[in-house]
Amino acid sequence: MTNLSQLLTTAQVAEQLGVSVRTVNRLVHRGKLPPAEQIGGRANGRALAHLFDARDVENYRLRRELAKTA
């Protein structure tokens, strides 16, 4: 399990990336940003909440920035 001090909520990830919570959920669903932890039961086949490793979020942000400049 990831160190709790390095975990971000979906809302924190959305703020850090400058996108909506819904967009973060889409990124998870499409496999582009994997959550470190899934919390709660499942609704419609999806976890009710996610926690993300801060390093994974930063890596995603960097990849996205590189794609914009390519």
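Which residues are buried in helix H1 (residues 10-17)? In this predicted model, the buried positions of H1 are Thr-10, Val-13, Ala-14 and Leu-17. They span an arc of only 100° around the axis, and therefore lie on the same side of H1. The spacing reflects a general property of helices: an α-helix has 3.6 residues a turn, so residues three or four places apart point the same way. Just after H1, Gly-18 adopts a positive phi of about 75°.

The setting of this helix can now be described. The protein chain contains three helices and three strands, and along the sequence these elements follow the pattern β-α-α-β-β-α. Of the 70 residues in the protein chain, 26% are buried. About 4800 Å² of the protein chain is exposed, and carbon and sulfur atoms supply 51% of that area. When contacts between residues at least 6 apart in sequence are considered, 51% of them join residues at least 24 apart.

Thr-10, a residue of helix H1, offers a closer view of the buried side. Thr-10 counts as buried because its relative accessibility is 12%, and the cut-off for buried is under 20%. Apart from neighbours within four places in sequence, Thr-10 is in contact with Val-21, Val-24, Asn-25, His-50 and Phe-52. Among these partners, Val-21, Val-24 and Asn-25 belong to helix H2, where they meet Thr-10, Ala-11, Val-13 and Ala-14 of H1.

The relation between these two helices can be stated in geometric terms. Two packed helices are described by the angle between their axes and the distance between the axes. The axes of H1 and H2 (residues 21-29) come within 8 Å and cross at roughly 100°. H1 is therefore roughly perpendicular to H2, since angles of 65 to 115 degrees are counted in that way.

Helix H2 has a buried side of its own. Its buried residues are Val-24, Leu-27 and Val-28. Viewed down the axis of H2, these residues fall within an arc of 100°, so they line one face of the helix. Arg-22 and His-29, by contrast, are exposed on the other side of H2. Val-24 thus has two roles in this description: it is a buried residue of H2, and it is also in contact with Thr-10. Just after H2, Gly-31 takes a positive phi of about 80°.

What angle do H1 and H3 form where they pack? The angle is about 30°, and the axes of H1 and H3 are 11 Å apart. H1 and H3 are therefore roughly parallel to each other, because an angle under 35 degrees meets that description. The crossing of H1 and H3 is right-handed. On the H1 side, the residues that meet H3 are Val-13, Gln-16 and Leu-17; their counterparts in H3 are Val-57, Glu-58, Tyr-60, Arg-61 and Arg-64. Val-13 and Leu-17 are also among the buried residues of H1, and Val-13 is one of the H1 residues that meet H2.

A final position in H3 completes the account. Asn-59 lies in helix H3 (residues 54-69). With a relative accessibility of 39%, Asn-59 counts as partly exposed. Asn-59 and Leu-33 are separated by 26 residues in sequence, and their C-alpha atoms are 9.5 Å apart in space.

Terms used. Residues are numbered from 1 along each chain as its sequence is written. This is a predicted model: local features need pLDDT of at least 70, side-chain atom pairs count only at pLDDT 80 or more; totals for chains, interfaces and linings use all residues. Side-chain values use heavy atoms; hydrogens and water are left out. Buried means under 20% relative accessible area, exposed over 50%, partly exposed in between (1.4 Å probe, protein chains only). Helices (H or I, at least four residues) and strands (E, at least two) are DSSP runs, numbered from the N terminus. The arc is that of the directions from the helix axis to the C-beta atoms. Contact means heavy atoms within 4.5 Å. Accessible areas come from the Shrake-Rupley method with a 1.4 Å probe; for residues, only the protein chains shown count as cover. Axes are lines fitted to C-alpha atoms, for helices over the stretch in contact, and angles run from 0 to 180 degrees between N-to-C directions. Angles under 35 degrees count as roughly parallel, over 145 as roughly antiparallel, 65 to 115 as roughly perpendicular and the rest as oblique. A crossing is left-handed if the near helix is turned anticlockwise from the far one by less than a right angle, and right-handed if clockwise.
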